[in-house]
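Dear colleague,

Please find below the structure for your review. My notes on its charged side chains and on one of its pockets follow.

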Amino acid sequence: MEYVENDLVRIAKRENNTKRKYLVVNPLQGKHIPVSPTAALKLFSNLADLIRYEYVKEKTLLIGFAETATAIGAQAAVSLGTKYIQTTREIITDVEYLFFSEEHSHATEQKLVKDDIDLAVENIENIVFIEDEVTTGKTILNIIQILEKLYPGRLKFSVASLLNGMSEENLQMYEQRGIRLHYLLKTDHSQYSHIAGTYMGNGKYCGCNTKKGQDISVISVPGRMDTRRLVDAVQYEKACNDLWDAVAGMIGNLSRKKLLVVGTEEFMYPALFIGRKLEETGNAVLCHATTRSPIAVSMENEYPLHSRYELISLYDGQRRTFLYDIDGYDSVFIITDSPERETIGLYTLVNALSAHNKNITLIRWC
């Protein structure tokens, strides 16, 4: 399927980021803007189709970038039946990391579990980095340089992204390095800063409410597979199906309902997976996720985000996160792998959602 810029690009204004004033927000990605989970996962599968026949003779590992490309990478790996791991900014105990930086992000530190990469390298020939958007390519080069030093001459590298906004100079740099690029849409960022500067930023900003609010239903489902560690995508899809079977058994048959499914930060794919299943049973479903990205909201009709709810992270009580454009639904499902100890973060999320919703269920995959 061919995409045009209006399908996949909305320009938003970054808050207090001097490195880059704008943010490209994808209306089909299921991160910031609520979207049909079926449409989001179809988009990610279309990206996988770009590389389906490119590396059939090579054993391949897909690496998705946190936080916005974790679900893209997971669906691509499921579509292709490969091994998969994501980068993370969370803390995983008792492992050794590979650290690298992301220049334009508000949260620059990224890491991979070195123990798992050591294990994967024994059986792979090619690594495909999965991103939502590649603008300079510097972040990916940072991790490639680390991997080339650790595993000299053993790996080839390529990149698959929904969007590619690289300059001619950066494209040539990749070509000279023999790093192949695959993307659904080429973008020109030359006017994006100007566009972002035209917006007033006069949207609805809702502060953080840390008090315990309305009671919610809580479901705990064992059997979680964590893509922050190396997984086989075939087994991961099976685990997600098992999660759905357990959830469906507990919530009963739902149909003809307006539903919202919310993922949490890096934990996006299971929310989209459950959302698609709920769509298949005859519901009108939207998905999006909490995020670290502090984006300005504005009231212009063409601006992508109009209201912002500040939260405390469900993973780290010292971290500020956000959810955008909350509407009213018959039921809301929060899908998370966050630890139970971060109760204040959960209160803030429930309070934000309860401004428009009464029926909220937390589903913790543990």
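**Salt bridges**

Across the whole structure, a search finds 26 salt bridges. Please bear in mind that this is a predicted model.

One of the pairs joins E67 to K31, with their closest N and O atoms 3.6 Å apart. It connects distant parts of the chain: E67 sits in the loop between β3 (60–64) and α3 (70–80), and K31 in the loop between β2 (22–25) and α2 (37–51), the two being 36 residues apart. E67 has a relative accessible area of 5% and is therefore buried. K31 has a relative accessibility of 1%, so K31 counts as buried too.

E90 pairs with R319, and here the closest N and O atoms are 2.6 Å apart. Because E90 lies in the loop between β4 (83–86) and β5 (97–101) and R319 in the loop between β15 (307–312) and β16 (320–324), this salt bridge ties together parts that are 229 residues apart in sequence. Both E90 and R319 are buried.

A further salt bridge is formed by R320 and E310, whose closest N and O atoms lie 3.9 Å apart. R320 belongs to strand β16 and E310 to strand β15, so the parts tied together are ten residues apart in sequence. R320 is partly exposed, with a relative accessible area of 38%, and E310 is also partly exposed, at 25%.

Through shared partners, salt bridges join E90, E265, R292, D316 and R319 into one network.

**A buried glutamate without a salt bridge**

Which side chain of opposite charge is nearest to E133? It is R20, at a distance of 4.8 Å, and E133 has no salt bridge although it is buried. A salt bridge requires a separation within 4 Å, which is why R20 does not qualify as a partner at this distance. E133 is part of strand β7 (residues 126–134). Apart from its neighbours within four places in sequence, E133 is in contact with V24, S161, L163 and H189.

**The second largest pocket**

The second largest pocket has a volume of about 400 Å³. It is lined by 19 residues, of which E90, I91, Y315, P339 and R341 are the closest to its centre. By class, this lining comprises twelve charged, six nonpolar and one polar residue. E90 thus appears in two places in these notes: it lines this pocket, and it forms a salt bridge with R319.

Yours sincerely

Conventions. Residues are numbered from 1 along each chain as its sequence is written. This is a predicted model: local features need pLDDT of at least 70, side-chain atom pairs count only at pLDDT 80 or more; totals for chains, interfaces and linings use all residues. Side-chain values use heavy atoms; hydrogens and water are left out. Helices (H or I, at least four residues) and strands (E, at least two) are DSSP runs, numbered from the N terminus. Buried means under 20% relative accessible area, exposed over 50%, partly exposed in between (1.4 Å probe, protein chains only). Lys and Arg count as positive and Asp and Glu as negative; His and the chain ends are not counted. Contact means heavy atoms within 4.5 Å. On a 1 Å grid over the protein atoms alone, a cavity is a set of points where a 1.4 Å probe fits but cannot get out, and a pocket is an open set with protein on both sides within 12 Å along at least five of seven lines; lining residues have an atom within 4 Å of a point. Grid points are joined across faces, edges and corners, and a volume is the space filled by probe spheres set on the points. Ala, Val, Leu, Ile, Met, Phe, Trp, Tyr, Cys and Pro count as nonpolar, Asp, Glu, Lys and Arg as charged, and the others, Gly among them, as polar.
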